[in-house]
Amino acid sequence: MALPALKSSDLIFLGLYKRLLDSIREHNFHCPKPPVMQSLLFQMHFIFSDEVVLLFDFWSVHSPAGMALSVLVVLLLAVLYEGIKVGKARLLHQALTSLSISTSQQLIEETDQHSSSSDSPQVSRTHLRWFLCHFGQSLLHVAQVVIGYFMMLAVMSYNTWIFFGVVLGSGVGYYLAYPLLSMT
């Protein structure tokens, strides 16, 4: 079976393709990756290792002591995450109990009617209290989201020790924080 004849445009394309591959090979030869990055790059499975880069370039772990400290930090982040969840729930409970039923009903009716002509001092105080509680919950929510994403990215390092730190921290945080929720 004879090979088909190549056109000149095919030869030009193959020549450009060959030059591109040679350029990539030469660049990789002259700019090798650091040894740690070569071994940690594109891992898609959990490993037990004391070398990992977590979240930022400067958080590079290369020793068992560094790994233990990193696991402790991630564990404390997970405990803080659970504490923030409970703090948000307690703040919501306080906001709801501080508003009496009649005042909250009046606030709902006033919001629906969009009338601001007959504001009494009690309603304006209620508005301020509600605004401050809602603002506090919003700040806690932002902190919870940021810490949650940090923990997710730490787990995505696929380091088993870090994963265990997040799981253990979540368990400890739940154990410590959720009894505080029932003390309202």
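## Around Glu82: a walk through the model

At 7% relative accessibility, Glu82 counts as buried, because the cut-off for that label is a relative accessible area under 20%. Keep in mind as we go that this is a predicted model. Glu82 sits in helix H3, which covers residues 64-98. What does Glu82 contact beyond its neighbours within four places in sequence? The partners are Ser170, Gly173, Tyr174, Ala177 and Tyr178. One of them, Tyr178, has its place in helix H6, a helix that covers residues 160-181.

Let us stay with Glu82 a little longer and look at its charge partner. Lys85 forms a salt bridge with Glu82, and the closest N and O atoms are 3.4 Å apart. Side chains of opposite charge can pair when their charged atoms come close. Here the two residues are three apart in helix H3, so about one helical turn separates Lys85 from Glu82. Is each end of this pair buried or partly exposed? Lys85 is partly exposed, with a relative accessible area of 28%, whereas Glu82 is buried at 7%. A search of the whole structure finds one salt bridge, so it is worth pausing on this pair, in which the N and O atoms lie within the 4 Å that the definition asks for.

Now turn to Tyr178, on the H6 side. At 25% relative accessibility, Tyr178 counts as partly exposed. Leaving out neighbours within four places in sequence, Tyr178 is in contact with Glu82, Lys85, Val86 and Gly173. Both members of the salt bridge, Lys85 and Glu82, are therefore among the contacts of Tyr178, each with heavy atoms within 4.5 Å. Along the chain, Tyr178 and Lys85 are 93 residues apart, yet their C-alpha atoms are separated by 9.1 Å.

From this spot we can move on to the nonpolar core. Which residues of the largest nonpolar core touch the most other members? Of its 17 residues, they are Leu54, Met67, Val74, Met151 and Ile162. Helices H3, H5 (121-155) and H6 each supply at least two residues of this core, and H3 gives the most, with seven. Ile162 is a good place to look in detail: setting aside residues up to four places away in sequence, Ile162 touches Leu54, Met67, Ser70, Val71, Val74, Ala154, Val155 and Ser157.

A database record adds another view of these helices. An unreviewed UniProt entry lists residues 65-84, 130-155 and 161-181 under "transmembrane region". In the model, residues 65-84 are 100% helix and 0% strand, with the end C-alpha atoms 29 Å apart. The span 161-181 is likewise 100% helix and 0% strand, and its end C-alpha atoms are 30 Å apart.

Finally, step back to the chain as a whole. How many helices and strands does its secondary structure come to? There are six helices and two strands, and read along the sequence they follow the pattern α-α-β-β-α-α-α-α. Of the 184 residues, 24% count as buried. The chain exposes about 13200 Å², and carbon and sulfur atoms supply 70% of that area. Among contacts with a separation of 6 or more, residues 24 or more positions apart account for 69%. The contact between Tyr178 and Lys85, 93 residues apart along the chain, offers an example to look up in the structure.

Definitions and conventions
Residues numbered from 1 in each chain as written. Predicted model: local features only at pLDDT ≥ 70, side-chain atom pairs only at ≥ 80, totals over all residues. Heavy atoms only, no water. Helix = DSSP H or I, 4+ residues; strand = E, 2+ residues; numbered from the N terminus. Buried < 20%, exposed > 50% of the residue type's maximum accessible area, 1.4 Å probe, protein only. UniProt positions renumbered as here; feature names shortened; annotations may be inferred. Core = buried A, V, L, I, M, F, W, Y, C linked by side-chain atoms within 4.5 Å. Areas by Shrake-Rupley, 256 points an atom, 1.4 Å probe, with all protein chains shown as cover. Salt bridge = Lys/Arg side-chain N within 4 Å of Asp/Glu carboxyl O.
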